[in-house]
Amino acid sequence: MNFLIGAFKPACNISITFSDGKSRKQVPMKKENGKTIMVSLFQSKESIAGKVSIEPLQGKKIEHLGLKVELLGQIEMYFDRGNFYDFTSLVRELDVPGDIYERKTYPFEFSTVEMPYETYNGANLRLRYVLKVTVSRNYGGSIVEYQDFMVRNYSPPPSINNSIKMEVGIEDCLHIEFEYNKSKYHLKDVIIGKIYFLLVRIKIKNMDLEIRRRESTGSGANTHVETETLAKFELMDGAPVRGESIPIRLFLSPYELTPTYRNINNKFSVKYYLNLVLVDEEDRRYFKQQEIAIYRQQDS
C-alpha cells in the first residue's frame, strides 16, 4: 500500500513567511482542532509583506498554470461550516504558467490593508484573516497552503463616558439604587460602583454581579442569540439592612473579553452586560441588566 500513500502526497512544500516575522508580536490563536498556535499580530492599515517559497519534492518538477497569493478576511458561520463569506479579498500574481524544478522564492506585499474587523472566535461563528497561496494545475488538483494571522484594532479613550445610575424595585418590598462609575470600559479596566439599599422588606440571601456576553448572528426571524456568563462576582452574602451601601470593584483583566462588536458586516454582533442578581431566602431570583461598551486600548 506504500505506493498509494505516496501518490497522495503534495508534489511540493509551500512555506509562507512575513518579512518582519521575527520582530513582530506573536499571539496565541486556537485552531478548529483545539490546538493553539502562535501567529503574527497586525492592525488595520498596516502593510503585509513576506515571501512564498515553493520547493518540489526530490526528483519532481511542478508543472503549473500560475501561482498567486491572496489576503482574505472571512466570516464562517458554524451552522454552515466550510462556506466562507469574504469581506476582504486581495490578490497578487506570483508567477506565470511554467515549470519549477527547484526551490523558488517569491516576494509579495499588500500595502496599507484595510482590515476593519478584529479576528474573532465565537460560539456560532469565526472571523479570520489568512494568506492563501495557490499553485494552479491542470491535473492532480491545485495545491493550496494557508497562513493565519491575527488582527486587533485599537480605540482612543471615549471623549464622553457617562456613569450609569439605575433603580431596582419591587413595590413596597425592595428599593435598590446602583451606580457604576462609567458606561465604557477598556479590556483591562476596573468596574467601580456602589449599591444602595433604600427599602428592604424581603430577606435577601445573597447578591452577585455577572458579566455576560451576548453574541447574535443572522437577522430578522433567523436571528440566533447565544448568551454566556463570563464572570460571577459575589457582592454580598447575608441580609442587607435599609441604608446600607455595598461597594463594587471588579477587575476585567482576568476574563477573556473582546471589544463590543456592533453589526459586523451585517453578520453578527457581540455585546456585554452587567447583570445584577439577587436571591431571597425562598430562592427567588431578581435580575437587573445593563449594557456596557468594551473597547481595546493600545496596551490592552
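Let's start at Asn266. It sits in the loop between β20 and β21. This is a predicted model, so keep that in mind throughout. The backbone of Asn266 has a positive phi of about 60 degrees, although the residue is not a glycine. Is Asn266 buried or exposed? It counts as exposed, because its relative accessibility is 61%, and the cut-off for exposed is over 50%.

Asn265 belongs to that loop too, between β20 and β21, with β21 covering 268–280. Asn265 is not a glycine either, and its phi is positive at about 55 degrees. So look at both asparagines when you open the loop between β20 and β21.

Now go back to the loop before β20. Thr260 lies there, between β19 and β20, and β20 is 261–264. Thr260 counts as buried, because its relative accessibility is 15%, and buried means under 20%. What does Thr260 touch, leaving aside residues up to four places away in sequence? One run is Val270, Lys271 and Tyr272. The other is Ile292, Ala293 and Ile294.

Next, the whole chain. The protein chain has one helix and 22 strands. It is divided into domain 1, residues 12–151, and domain 2, residues 164–295. The centres of the two domains are separated by 41 Å, taken over C-alpha atoms. How many residues are in contact across the two domains? There are 13 from domain 1 and 13 from domain 2.

Now the overall dimensions. Along the principal axes, the C-alpha atoms fill a box of roughly 85 × 45 × 35 Å. The radius of gyration is 26 Å. A compact globule of 300 residues would come out near 19 Å. Buried residues make up 42% of the 300 residues. Take the contacts with a separation of 6 or more: 67% of them link residues 24 or more positions apart.

On to the cores. The largest nonpolar core has 70 residues. Which members touch the most other members? They are Ile54, Leu131, Phe149, Tyr180, Ile195, Met207 and Phe268. Both domains contribute to this core, with at least three residues drawn from each. Apart from it lies another core, of five residues, among them Val27, Met29, Leu41 and Met150.

Stay with Leu131 for a moment. Not counting residues up to four places away in sequence, its contacts include Ile16, Phe18, Val69, Leu71, Phe108 and Phe110. Leu131 also touches Glu145, Tyr146, Gln147 and Phe149.

That leads to the strand pairings of domain 1. Strand β11, residues 125–135, pairs with β12 in the antiparallel sense, over seven bridges. Val133 has Glu145 in β12 as its bridge partner. Strand β12, residues 143–151, also pairs with β3, residues 36–42. That pairing is parallel, over two bridges. Here Phe42 has Val151 in β12 as its bridge partner.

Pro28 is worth a stop. It is placed in strand β2, residues 26–30. Pro28 counts as partly exposed, because its relative accessibility is 48%. Not counting residues up to four places away in sequence, Pro28 touches Thr36, Ile37, Met38 and Met150. How far from Pro28 is Lys184 in space, C-alpha to C-alpha? The distance is 26 Å, with their positions 156 residues apart in sequence.

Now domain 2, and an open sheet. Four strands run in the order β13-β14-β16-β19, with antiparallel pairing. The edge strands are β13, 164–170, and β19, 245–251, each paired on one side only. From one strand to the next, the twist averages 20 degrees. Seven bridges join β13 to β14, residues 174–180. Glu167 stands opposite Glu177 in β14.

Last stop, the hairpin of β17 and β18. Strand β17 is residues 204–217, and β18 is residues 224–237. Twelve bridges join the two, and they run antiparallel. Here Glu215 stands opposite Glu226 in β18. Six residues lie between the strands. What is special about the phi of Gly218 in this hairpin? It is positive, near 80 degrees.

Note on methods:
Residues are numbered from 1 along each chain as its sequence is written. This is a predicted model: local features need pLDDT of at least 70, side-chain atom pairs count only at pLDDT 80 or more; totals for chains, interfaces and linings use all residues. Side-chain values use heavy atoms; hydrogens and water are left out. Two strands pair if DSSP finds at least two bridges between them. Axes are lines fitted to C-alpha atoms, for helices over the stretch in contact, and angles run from 0 to 180 degrees between N-to-C directions. A nonpolar core is a set of buried Ala, Val, Leu, Ile, Met, Phe, Trp, Tyr and Cys residues joined through side-chain atoms within 4.5 Å. Buried means under 20% relative accessible area, exposed over 50%, partly exposed in between (1.4 Å probe, protein chains only). Domain bounds come from an automatic or database domain assignment. Contact means heavy atoms within 4.5 Å. The radius of gyration is taken over C-alpha atoms; the globule rule is 2.2 Å times the number of residues to the power 0.38.
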